[in-house]
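Got your viewer open and a hand on the mouse? Let's walk through this one stop at a time, selecting a few things as we go.

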Amino acid sequence: MTKIGIPRALLYYHYYPMWQTFFQELGAEVVVSPPTTPAILAEGAARVVADTCLPVKAFLGHVLFLTKKCDRIFIPAIRSMGKNNYSCSKFLGLPDMTRAVIPESPPLLEIDIDNNQGKGNLYRAIYRLGRHFTWNPSKVRQASLAAWQAYLNYRKLMASQGLTPPETIARMAGTPETEHSNHTESAQATIALIGHPYLLYDEYINHRIIHRLEQANSKVLTPEMLTAGELESAVARLAGKAYWSYEEEVVGAGGHYLQSGADGIIGLMAFGCGPDSLIMDTVRRQASRQRTTPFMSLTLEEHTAEAGIVTRLEAFLEMIHRKKKRQAERCE
Amino acid sequence: MRVSMPHMGNLYIPFKALFQRLDIDFVIPPISNQRTLSLGTKYSPEGLCIPFKLALGNLIEAAEMGADALIMPVGNGICRLGYYAQTQEQILHEIGYANVRVVRIGISEHKLLGLLKTIKYLANNASWPRIISTFRFGLTKLNALDRIERIVQKVRAVELVKGTANQLFAQAVDAIDKADDYNTLKKAQADYLDRLDRIPKDPQAQPLLVGIIGEFYVLLEPFSNLDVESELGKLGVEVRRTTFTSSWTKFSLFLNSLGINEKDRIHRAALPYLKRDIGGEGWESVGEKVLHAKEYDGIIHLAPFTCMPEVVAQNIMPSTRESIPILTLICDEQTTKTGMLTRLEAFVDLLQRKRRAGTNKQPRVTVRGGYT
């Protein structure tokens, strides 16, 4: 059985159940790399120029981990997820970049996704990917329909139960869940964490920020807990029309939580991230215009020190607690 | 309505001709300088590239001069550029220029017609024949400028008195700027080409040939790349660059719609290493390296700090089979001239040694006097 490697980085958090179902339906075995470790990140970072952004460095580390453990590695090149919106160059050049900096990697399975070109193009791209396993178009069709269903289930489960992507993936796989320590009842503050899932849920990269917030008695909200409609209307309010493929995770979630549901917002971004440098700033500007919900952005890179993050988190939470106390006193 | 635009090299000259002939109130912000950069950096989000910062600085300085319709290029699928105009408009509004509008010129989809329509709008609905004839005049100026610059790139390397070509170039830019009809323009062009040809040159010189590749803006705006081409000229290096605004307009506005693309050759060369367009000039950077590896002695790759396409290109370039020494210079508000000069000197030294050792190409036979 062909072993397909999927790096646990970047778009894994968006689409893993879909990819897994697709390849399994076509009779392949799926191997996933473990959560990021210091060694994975260090090895990935050693392969590229320093200016490359943190998530891509982590991604390459995962590819290195999978080398020799599988027959092929799946890396999509995503140009566009909808009409007139585009991905970062690094998503587009990911397969080529991987081949260039990791020459020893097993052959790559690539797929070009450009939804700007219409559905026909997408279907042809999926068929070309499926042809590595079977010549039968109807088998590829079946596999892709099952994959799409898995994706819908994944989103639904996440939105309805308020779960994070790693929790949802674990639940769908049927593995016993780790105890979820959400102090929803005793929460002193509700903090919205906005940013791309590959930063929010990679615990090594973000120094376990969700865990830290929960330890400090805060309830954590993430972009996945909002519906597509809520995200879209917030994007429309703040930026007009989304230009980036994953803009709603930042601008949509930021815009929504600025208006309702959160006592404070923390934006996570990676150093050197092109799109985030603009869209996180859109949220920051909206927050400073509105002056109702405090906003803090944290920039992550491989040199980010844990102590630095902890200090800033403590100060931010402290400020929110005081603000809430003052408001409560005023009400009395 | 007072119109203005950010700088990119000498691009203001054809636009000035165009707008003045259409009786549009057009102001030119000061040529990009340290103040422009400081202003731009101060009001930009921190992770943005130098093209954004300098353009924002230009726009602020234009707004200070009373301009309220500022032209910015936008485009889909290029890079962050598609998002710049709206962000800059918001920033300008926030720092007190509330009545300023950023007029967007689509450079990726509407192209010629979009550009002409924007000009028509800015010119208070001037008649089409008038717009097209002035547009043509502007293009002629642009072509004249680039034709002279191409020669200057060659003369700088071999002139006996360093700096002569640059002086003449500055005079030529001025003359072309002042030229008011086709005849004067033609005369100015011929005159300066002739004078460049007559500059005393070193007959023995066999200058190194260095290709300059990379991101469009930093290639074309000397202030952003610390005038790397003149510095190379001082070191006796001939510079070759395929990116010129005139060739961009020629292909992007006219010939591409007829199915002719000058970049096909470059893209084909890049294919084994980069299969797809990744936005910006990433594809072209890889392609030009592969294509010219045999032809040039070395390549200087210019990229703005945090430029997404160029980072991908930079990662891919070392892995190509076609090998040639490359120096990547990252342009940023933190870059200093001294640092750049040291690196250039070391690079040129390396290329010279390589040529002397004969590990590189055979010295090229260059024909003297045939510059024009």
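Before we start, one term: a residue is called buried when its relative accessible area is under 20%, exposed when that value is over 50%, and partly exposed in between. Keep in mind too that this is a predicted model.

**Stop 1: a pair inside chain A**

Select D263(A). Its relative accessible area is 22%, so it counts as partly exposed. Now add K324(A): the two form a salt bridge, with the closest N and O atoms 3.0 Å apart. Where do K324(A) and D263(A) sit in the chain? K324(A) is in helix α14 (residues 306-331) of chain A, while D263(A) is in the loop between α12 (251-259) and β7 (264-270), so to speak a link between distant parts, 61 residues apart. K324(A) is partly exposed as well, because its relative accessible area is 32%.

**Stop 2: a pair inside chain B**

Hop over to chain B and select D25(B) and R2(B). Their side chains meet in a salt bridge, 3.0 Å from N to O. D25(B) is in the loop between α1 (12-21) and α2 (34-43) of chain B and R2(B) is in the segment before β1 (3-4), so this pair ties together parts that are 23 residues apart in sequence. Buried or exposed? Here the answer falls in between: D25(B) is partly exposed at 36%, and R2(B) is partly exposed at 29%.

**Stop 3: E110(A) and its company**

Back to chain A. Select strand β4 (residues 108-114) and pick out E110(A) in it. Is E110(A) buried or exposed? Its relative accessibility is 17%, so E110(A) counts as buried. Which residues does E110(A) touch, leaving aside neighbours within four places in sequence? Show I75(A), P95(A), R99(A), L129(A), K275(B) and R276(B) to see them. Two of these deserve a zoom. The side chain of E110(A) makes a polar contact of 2.7 Å with that of R99(A), and another of 3.2 Å with that of K275(B).

**Stop 4: the bridge between the chains**

Stay with strand β4 and select D112(A), then R276(B). Side chains of opposite charge can pair when their charged atoms come close. Here the two side chains meet in a salt bridge, 2.7 Å from N to O. D112(A) is in strand β4 of chain A and R276(B) is in the loop between α12 (264-270) and α13 (282-292) of chain B, so the pair joins two chains. Check how covered each partner is: D112(A) is partly exposed at 36%, whereas R276(B) is buried at 8%.

Now select D96(A), R99(A), E110(A), D112(A), K275(B) and R276(B) together: they are linked in a network of salt bridges.

**Stop 5: the whole contact between the chains**

Zoom out and colour the two chains separately. How many residues does each chain bring to the contact? Chain B gives 35 and chain A gives 39. Between them the chains bury about 3,000 Å², with 55% of that on carbon and sulfur atoms. Highlight Y83(B), R276(B) and N315(B): these lose the most area to chain A within chain B, together 25% of what that side buries.

The interface has 6 salt bridges and 15 residue pairs in polar contact. For another salt bridge to look at, select E94(B) and R285(A), whose closest N and O atoms are 3.7 Å apart. To see which elements of chain B take part, show α4 (81-94) and α14 (308-316), which give two or more residues to the side touching chain A. α4(B) gives the most, with 8 residues.

**Stop 6: two domains in chain A**

Last stop: hide chain B. Chain A is divided into domain 1 (3-168) and domain 2 (185-331), and their centres, taken over C-alpha atoms, are 26 Å apart. In the contact, 33 residues of domain 1 meet 24 residues of domain 2. The area buried between these domains is about 2,400 Å², of which carbon and sulfur atoms give 67%. Select Y13(A), H14(A) and L54(A), which supply 22% of the area domain 1 buries against domain 2, more than any other three residues.

How many salt bridges cross between the two domains? The count is 1. There are also 10 residue pairs in polar contact between the domains.

Terms used. Residues numbered from 1 in each chain as written. Chains lettered and ligands numbered in written order. Predicted model: local features only at pLDDT ≥ 70, side-chain atom pairs only at ≥ 80, totals over all residues. Heavy atoms only, no water. Helix = DSSP H or I, 4+ residues; strand = E, 2+ residues; numbered from the N terminus. Buried < 20%, exposed > 50% of the residue type's maximum accessible area, 1.4 Å probe, protein only. Polar contact = N/O pair within 3.5 Å; in protein donor to acceptor, adjacent residues only side chain to side chain. Contact = heavy atoms within 4.5 Å. Buried area = accessible area lost by both parts, 1.4 Å probe. Salt bridge = Lys/Arg side-chain N within 4 Å of Asp/Glu carboxyl O. Domains from an automatic or database assignment.
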